[in-house]
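Here is my informal note on this one, point by point. Keep the structure open while you read.

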Amino acid sequence: QPRTRDVFLRAVFPTQQVYVRPMSLTFHQLGTSPVDQEIVVTDLRSTPAEIIGVESSSDFLHVEILQPTTTKSGAQQQRVRVTVPGSVPSGRQLATIKIFTNDERFLELKVPVQVFGLERRTAPLRIVGPLPSGPVRR
């Protein structure tokens with residue numbers, strides 16, 4: 001006999017957490033100047049974790065830890081600046097930023113990164129069709 005039954009689940013989530021924003025980064029490097037974005041780690045707990053190191057899986061991404069700040073609500077925020085140089089390989093590159101903390105619950109925070117470099121032409125442009133004859137108008 002088919003039967004139905006109502007099932008209720010109860011979950012308790014901690015009210016104070018550690019947040020990483022944004023959860024991923026995307027760079028579209030179409031120019032020649034470096035471009036940067038920041039990752040913000042917000043710790044709402046009474047004893048916040050401290051960022052003790054950062055690492056990039058890519059040779060061309062530069063990462064640096066900035067000074068921590070405190071929000072109006074009292075939460076500690078730590079920023080990590082990620083910089084992409086003006087010249088990157090063409091196409092899509094994938095990397096990971098690792099943020100290391102002194103908190104055993106959050107020893108390593110990972111942020112995926114995509115970098116889209118400008119497509120480079122590998123062959124010179126070719127003119128198709130007859131060349132114009134006569135004087136060139138400007």
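1. Let's begin with a small puzzle: is Glu 108 buried, partly exposed or exposed? Bear in mind that you're looking at a predicted model, not an experimental one. Glu 108 has a relative accessible area of 36%, and since partly exposed covers the range between the cut-offs of 20% and 50%, Glu 108 counts as partly exposed.

2. Now look at who Glu 108 pairs with. Glu 108 makes a salt bridge with Lys 110, and their closest N and O atoms are 3.5 Å apart. Lys 110 is exposed, because its relative accessibility is 53% and the cut-off for exposed is over 50%. If salt bridges are new to you, the general idea is that side chains of opposite charge can pair when their charged atoms come close.

3. There are 5 salt bridges in the structure, so pick out a few more of them. One is between the side chains of Glu 38 and Arg 79, at 3.0 Å from N to O. This pair ties together distant parts of the chain: Glu 38 belongs to strand S3 (residues 35-43) and Arg 79 to strand S7, with their positions 41 residues apart. Glu 38 is partly exposed at 32% relative accessible area, and Arg 79 is partly exposed too, at 26%.

4. Next, try Arg 45 and Asp 43. Their side chains form a salt bridge with an N to O distance of 2.9 Å. Are these two buried or exposed? Both Arg 45 and Asp 43 are buried.

5. Stay in strand S7 (residues 76-84) for a moment, where you'll find Gln 77. Gln 77 is buried, because its relative accessible area is 17% and the cut-off for buried is under 20%. Leaving out residues up to four places away in sequence, Gln 77 touches Val 40, Val 41, Thr 42, Pro 68, Thr 69 and Thr 71. With Thr 42 there is also a polar contact between the side chains, at 3.1 Å.

6. Time for the sheet. In which order do its strands lie? The order is S2-S9-S8-S4, in an open sheet of 4 strands with mixed pairing. S2 and S4 are the edge strands, each pairing on one side only. From one strand to the next, the twist averages 20 degrees.

7. You can check that mixed pairing strand by strand. S2 and S9 run parallel and are joined by 5 bridges, and Thr 26 sits opposite Gln 114 in S9. S8 (residues 91-101) and S9 (residues 108-117) are antiparallel, with 10 bridges between them; there, Arg 92 has Phe 116 of S9 as its bridge partner. S8 and S9 also make a hairpin, with 6 residues between the two strands. On the other side of the sheet's order, S4 (residues 51-56) runs antiparallel to S8 over 5 bridges, and Val 54 faces Ile 99 in S8.

8. Last, a detail that's easy to scroll past. Most peptide bonds are trans. The bond joining Arg 21 and Pro 22, however, is cis, with omega at about -10 degrees. Where does Pro 22 sit? Look in the loop between strand S1 (18-21) and strand S2 (25-29).

Key: Residues are numbered from 1 along each chain as its sequence is written. This is a predicted model: local features need pLDDT of at least 70, side-chain atom pairs count only at pLDDT 80 or more; totals for chains, interfaces and linings use all residues. Side-chain values use heavy atoms; hydrogens and water are left out. Buried means under 20% relative accessible area, exposed over 50%, partly exposed in between (1.4 Å probe, protein chains only). A polar contact is a pair of N or O atoms within 3.5 Å; within protein, one must be able to donate a hydrogen and the other to accept it, and residues adjacent in sequence count only if both atoms are side-chain atoms. Contact means heavy atoms within 4.5 Å. Two strands pair if DSSP finds at least two bridges between them. A salt bridge is a side-chain nitrogen of Lys or Arg within 4 Å of a carboxyl oxygen of Asp or Glu. Axes are lines fitted to C-alpha atoms, for helices over the stretch in contact, and angles run from 0 to 180 degrees between N-to-C directions.
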